[in-house]
Every structure is written in C-alpha cells, then in structure tokens.
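Open the model in your viewer and keep the sequence panel beside it. This tour goes stop by stop, with something to select at each one.

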Amino acid sequence: MKLGLCKVMRLVNGDVIVCMVDEAFESVLEKDFVTVYNPVQLLSKTTKLTETISESFILKPWMPLCDDDSFIIKMENVLTIGLASLRVIRNYVLYIQEQKDFKEQMQDAVEHSQQISELDDEYFDSDEEQPKLKKKDIN
C-alpha cells in the first residue's frame, strides 16, 4: 500500500484530525470503514488582539495512550474529508517526525534502564560475597 494523501477529517464527535490515507482513498467513500495512518488531532485556538482576532492551530496526538500508527474509523463517524493545505502538510510532517524521534529516544532509554537493572540483579543475586566497605578511622 502506498501512502501519500494527507487529509483533514472532521468526525461526528467534533474531532478534527490530520492523517494519511492510502492512494485508493476515493474508493473508501463507497466503503463502511477508512484506515487512517498517523492521525493527529488539530485544535483551533482563537485569540483576540486589540481590534483583530487571530486563530492558531495546535497539533496533538489523537490517541495519546496508544502506540499504534494506524486506526480504522467507521465512515458513519466521518462528517467530511478534505485534502490538507500545504501549510498543514508541512507542519504535520514535522510533528510526526518529532514524535517518531521522541519514541525512539524513549525506547533507547527504556532499553538502557533494563540493562542497568539486569546488571544490578546479577551483582546483588550472585552467591559471591560482596565487597565490604571499610570504615576509615578519623583521628
């Protein structure tokens, strides 16, 4: 499956997500489900500055407690779908890359911690007498 279409989807629960879908996306409209890849929730923040109103967008994990990269959504839960703008695509790609880098760093930290724990277990579980610290006389 070749990924390549970055879409913005509004779901019936109000969530707006940016995600990748497969090249055969147009045929999905005739199906009951759509598979989305690396979905990210898009939040809108409106700020009033003196006489103007400014709107900015925040990207955050759509399913923050899940490590999966793909999800299946029932089409009955999708209100509308559109092609993402170039600005959204650029920010989305940067965000996804940062998330992947972070996951790799966390995985490395977990592996390092496990290695230290294994060394501790070997050291403290061995039958050999542990070296004793000697008190130094202070006079």
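**The whole chain**

Start with a cartoon view. The chain has two helices and six strands. Follow the cartoon along the sequence, and the order reads β-β-α-β-β-β-β-α. Bear in mind that this is a predicted model.

Now colour by accessibility. Of the 139 residues in the chain, 24% are buried. Turn on contacts for residues at least 6 apart in sequence: 51% of these join residues at least 24 apart.

**Stop 1: the largest nonpolar core**

Select C6, V18, V40 and Y92. These are the residues with the most contacts inside the largest nonpolar core, which has 13 residues. Three elements, β2, β3 (33–49) and α2 (86–125), each supply at least two residues of this core. Which element gives the largest share of the core? It is α2, with four residues. As a general rule, nonpolar side chains in soluble globular proteins tend to be buried together.

Stay here and centre on V18. Leave out its neighbours within four places in sequence. V18 then touches C6, K7 and V8 on one stretch of sequence, and N38, P39, V40 and L42 on another. V88 and Y92 are also in contact with V18.

Next, select M9, I17, C19 and M75. They are among the 12 residues of a second, separate core.

**Stop 2: the cysteines**

Show the cysteine sulfurs. How many disulfides does a search of the whole structure find? Zero. Take C6 as the example: its nearest cysteine sulfur belongs to C19 and lies 7.1 Å away, and C6 is in no disulfide. The cut-off for a disulfide is 2.5 Å between the sulfur atoms, so a gap of 7.1 Å does not qualify.

Is C6 buried or exposed? C6 is buried, because its relative accessible area is 4%, under the 20% cut-off. Compare C66, which is partly exposed at 26%.

**Stop 3: D15, a buried acid**

Move to the loop between β1 (3–11) and β2 (16–22), and select D15 there. D15 is buried, yet it has no salt bridge. Which side chain of opposite charge is nearest to D15? It is R10, 8.0 Å away. A salt bridge needs the charged atoms within 4 Å, so R10 is out of range.

D15 does have a polar partner. A polar contact of 3.3 Å joins its side chain to that of Q41. Beyond its neighbours within four places in sequence, D15 is in contact with M9, R10, Q41 and W62.

**Stop 4: N38 and its backbone**

Select N38, in strand β3. Check its backbone angles. N38 is not a glycine, yet its phi is positive, about 50 degrees. N38 counts as buried because its relative accessibility is 18%.

Now show what surrounds N38, again without neighbours within four places in sequence. N38 is in contact with V18, C19, D69, Y92, I96 and K100. V18 and Y92 are familiar from the largest core.

**Stop 5: D22**

Go to strand β2 and pick D22. At 18% relative accessibility, D22 counts as buried too. Draw a C-alpha distance from D22 to Y37. These two are 15 residues apart along the chain, and the distance is 8.6 Å.

**Stop 6: F71**

Jump to strand β5 (residues 70–74) and select F71. Buried or exposed? F71 counts as buried, because its relative accessibility is 13%.

Then draw the C-alpha distance from F71 to P39. They are 32 residues apart in sequence and 8.1 Å apart in space. With neighbours within four places set aside, F71 contacts V34, T35, V36 and P39, and also W62, M63 and C66. C66 is the partly exposed cysteine from the second stop.

**Stop 7: F57**

Finish in strand β4 (residues 52–61) with F57. F57 is partly exposed, because its relative accessible area is 43%.

Which residues does F57 contact, leaving aside its neighbours within four places in sequence? They are L42, L43, S44 and R87. For a last distance, select K45 as well. The C-alpha atoms of F57 and K45 are 6.0 Å apart, with their positions 12 residues apart along the chain.

Note on methods:
Residues are numbered from 1 along each chain as its sequence is written. This is a predicted model: local features need pLDDT of at least 70, side-chain atom pairs count only at pLDDT 80 or more; totals for chains, interfaces and linings use all residues. Side-chain values use heavy atoms; hydrogens and water are left out. Buried means under 20% relative accessible area, exposed over 50%, partly exposed in between (1.4 Å probe, protein chains only). Lys and Arg count as positive and Asp and Glu as negative; His and the chain ends are not counted. A polar contact is a pair of N or O atoms within 3.5 Å; within protein, one must be able to donate a hydrogen and the other to accept it, and residues adjacent in sequence count only if both atoms are side-chain atoms. Contact means heavy atoms within 4.5 Å. A nonpolar core is a set of buried Ala, Val, Leu, Ile, Met, Phe, Trp, Tyr and Cys residues joined through side-chain atoms within 4.5 Å.
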